[in-house]
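User: Please give me a close look at the ligand site in this model. Then place it in the wider chain, with any unusual backbone spots and buried positions worth checking.

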Amino acid sequence: MTQQTNQSWGGRFSEPTDAFVAAFTASIGFDQRLYHHDIRGSIAHATMLARVGVLTDDERDAIVEGLNDIERDIEAGNIEWSVELEDIHMNIEARLTDKIGITGKKLHTGRSRNDQIATDIRLYLRDEIDAIGSELGRLREGMIELADRHADTIMPGFTHLQTAQPVTFGHHVLAWQEMITRDHERLMDCRRRVNILPLGAAALAGTTYPIDRHVTAELLGFDRPAENSLDAVSDRDFAIEFTSFASILLMHMSRISEELVLWSSAQFDFIDLPDRFCTGSSIMPQKKNPDVPELVRGKTGRVYGHLMSLLTLMKSQPLAYNKDNQEDKEPLFDSVDTVKGCLRAFADMIPAIEPKKTSMYEAARKGFSTATDLADYLVRAGVAFRDAHEIVGTSVAYGIKQGKDLSDMTLEELRQFSSDIHEDVFDVLTLEGSVAARNHIGGTAPHQVRASAQRARDALKPAHAGGAQ
Ligand code: ARG
């Protein structure tokens, strides 16, 4: 541990930083994750500086070579991070100077750690967004295939978690797919605002060197330089936007998880989750627990927490950079890790779900799920909807007393309630007739479900090709 003042900014200090304060203010413990993007940013900066004549080509080459060496050292595990050097930027810069001498000290010309860190996080997040985008694509694909395979598989549809009307399992799964598609779109929209270059803003006001920010932007694949230097170093709303995308996604995955947990219970008995996604109990030998969906449901809370942390972190900050911003990283990193973990588990698990067709079908037969179909039948025979509703209500009350579903009643039994009921009523009282009758875009009829799956597949193609929608 050094007793000198900090080599990067110690010039105006008369005593070294207190050891506890150094540890308290350091970010190297977590921002080391940014090493690759920090090095890429520095290489682009040095390249631009040489292009505009602030560095010589030799100096640039020495810097670029030194930085690439350092990246290899880091990846080989040959680097010890120093808390005295505070953060990833100063750790790498000090290492560069150790390696290439005085030229290393020129790298920071026309730059500040304020625009450097803002650039690093954006580069990091852009890569993570692309990785998450392809996992979302994989999940959507799995859902579409599962839905297509089960376009005819009948299950009860619920409102208030009470049996409402029969739907197909494929239709239900495509509802999930819609949620995930909107999340995918939100992510790609967020990417557009992430992909803006802060470098050049320097500490807050810009720099006196004749920099060319378009060159740096192009070298790093950013769409354009940030318009305002004060905003560029202090804006973190791109991170808030990402975390809000993550929160909404996890909210959706949590809803899906809740259904999977319910459905895999003995009481519902709708699905079988493959053993590889479940665990047993150390005491109850019969147990097979749906751990993966339970954990995804549980992890939703921490991501909401990160969103709240970031919103609160930013809410009172005056322009421009404040040290508060160092607190943006851990919530962001953990949100990224959590989203990636949950998505990987889901993308593997969802297509492997096995619906228990007989059990779903039997459940749909209970609870008078075709009552609305009987009412619609009466309306087609000229009965007013309110009267039809009343007639069917009375038939259901009779069915409850007799322990019979509507489709189990004889024609005579049904005709006690209305003389408008004829033999063809059984076409609409069956589950197959009920789902087939909802035959329009967005309806649960099997061929509509297949058509919808096809449209979903088509929408996915450009997303896969371009990484965006
Ligand atoms: N570790 C800092 C952060 O994460 C880097 C920027 C520090 N800038 C400064 N002027 N102290 O935000």
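Analyst: Start with the domains, whose bounds come from an automatic or database domain assignment. The model is predicted. Its protein chain is divided into domain 1 (15-109), domain 2 (114-209 + 223-357) and domain 3 (363-464). Domain 2 is written as two segments. The C-alpha centres of domain 1 and domain 3 lie 69 Å apart.

Now the ligand. Which residues surround the ligand? The list is Ser27, Asp87, His89, Arg113, Asn114, Ile117, Tyr321, Gln326 and Lys329. Domain 1 and domain 2 each give at least three residues to this shell. By element, helix H6 (residues 113-149) supplies the largest share, three residues. By class, the shell holds four polar, three charged and two nonpolar residues.

Three polar pairs deserve a look. Tyrosine 321 places a polar side-chain atom 2.5 Å from an oxygen atom of the ligand. Glutamine 326 has a polar side-chain atom 2.8 Å from a ligand nitrogen. Arginine 113 has a side-chain N or O atom 3.4 Å from a nitrogen atom of the ligand. How much of the ligand does the protein cover? On its own the ligand has 340 Å² of accessible area, and the protein covers 86% of that.

Next, the backbone. Most residues other than glycine have a negative phi, and most peptide bonds are trans. Several spots here depart from that pattern.

Go to alanine 320, in the loop between helix H11 (291-314) and helix H12 (329-349). The peptide bond from leucine 319 to alanine 320 is cis, with omega near 0 degrees. In sequence, alanine 320 directly precedes Tyr321, a member of the ligand shell.

Glutamate 86 comes next. Its loop runs between helix H4 (57-75) and H5. Phi of glutamate 86 is near 70 degrees, a positive value in a residue other than glycine. Is glutamate 86 buried or exposed? Glutamate 86 is buried, because its relative accessible area is 9% and the cut-off for buried is under 20%. Asp87 and His89, both in the ligand shell, follow shortly in sequence.

Alanine 202 has a positive phi as well, near 55 degrees, and is not a glycine. Its place is the loop between strand S3 (196-197) and helix H8 (213-220). Alanine 202 is buried too, with a relative accessible area of 7%.

That loop leads to H8. At the start of H8, a side-chain oxygen of aspartate 212 comes within 3.0 Å of the backbone nitrogen of histidine 214. Within H8, the buried residues are Arg213, Val215, Thr216, Ala217 and Leu220. These buried residues pack against helix H3 (35-51), H6, S3 and strand S4 (224-225). H6 therefore appears in both settings: it packs with H8, and it gives the largest share of the ligand shell. Just after H8, glycine 221 takes a positive phi of about 75 degrees.

Three buried positions complete the picture.

Isoleucine 92 sits in helix H5 (residues 88-100). Its relative accessible area is 2%, so isoleucine 92 counts as buried. What does isoleucine 92 touch, leaving out residues up to four places away in sequence? Its contacts are Tyr35, Asp38, Ile39, Leu67, Ile70, Ile74 and Trp81. For scale, take isoleucine 353, which is 261 residues from isoleucine 92 along the chain. Their C-alpha atoms are separated by 47 Å.

Serine 257 lies in helix H10 (residues 237-263). At 0% relative accessibility, serine 257 is buried. Beyond four places in sequence, serine 257 touches Pro293, Val296, Arg297 and Phe346.

Glutamine 177 belongs to helix H7 (residues 169-194). Glutamine 177 is buried, with a relative accessible area of 2%. With residues up to four places away set aside, its contacts are Arg140, Met143, Ile144 and Ala456.

Back to the site itself. The shell draws on domain 1 and domain 2, with at least three residues from each. The protein covers 86% of the ligand's own accessible area.

Conventions: Residues are numbered from 1 along each chain as its sequence is written. This is a predicted model: local features need pLDDT of at least 70, side-chain atom pairs count only at pLDDT 80 or more; totals for chains, interfaces and linings use all residues. Side-chain values use heavy atoms; hydrogens and water are left out. Helices (H or I, at least four residues) and strands (E, at least two) are DSSP runs, numbered from the N terminus. Buried means under 20% relative accessible area, exposed over 50%, partly exposed in between (1.4 Å probe, protein chains only). Contact means heavy atoms within 4.5 Å. A residue is near a molecule or strand if one of its heavy atoms lies within 4 Å of it. A polar contact is a pair of N or O atoms within 3.5 Å; within protein, one must be able to donate a hydrogen and the other to accept it, and residues adjacent in sequence count only if both atoms are side-chain atoms. Accessible areas come from the Shrake-Rupley method with a 1.4 Å probe; for residues, only the protein chains shown count as cover. Ala, Val, Leu, Ile, Met, Phe, Trp, Tyr, Cys and Pro count as nonpolar, Asp, Glu, Lys and Arg as charged, and the others, Gly among them, as polar.
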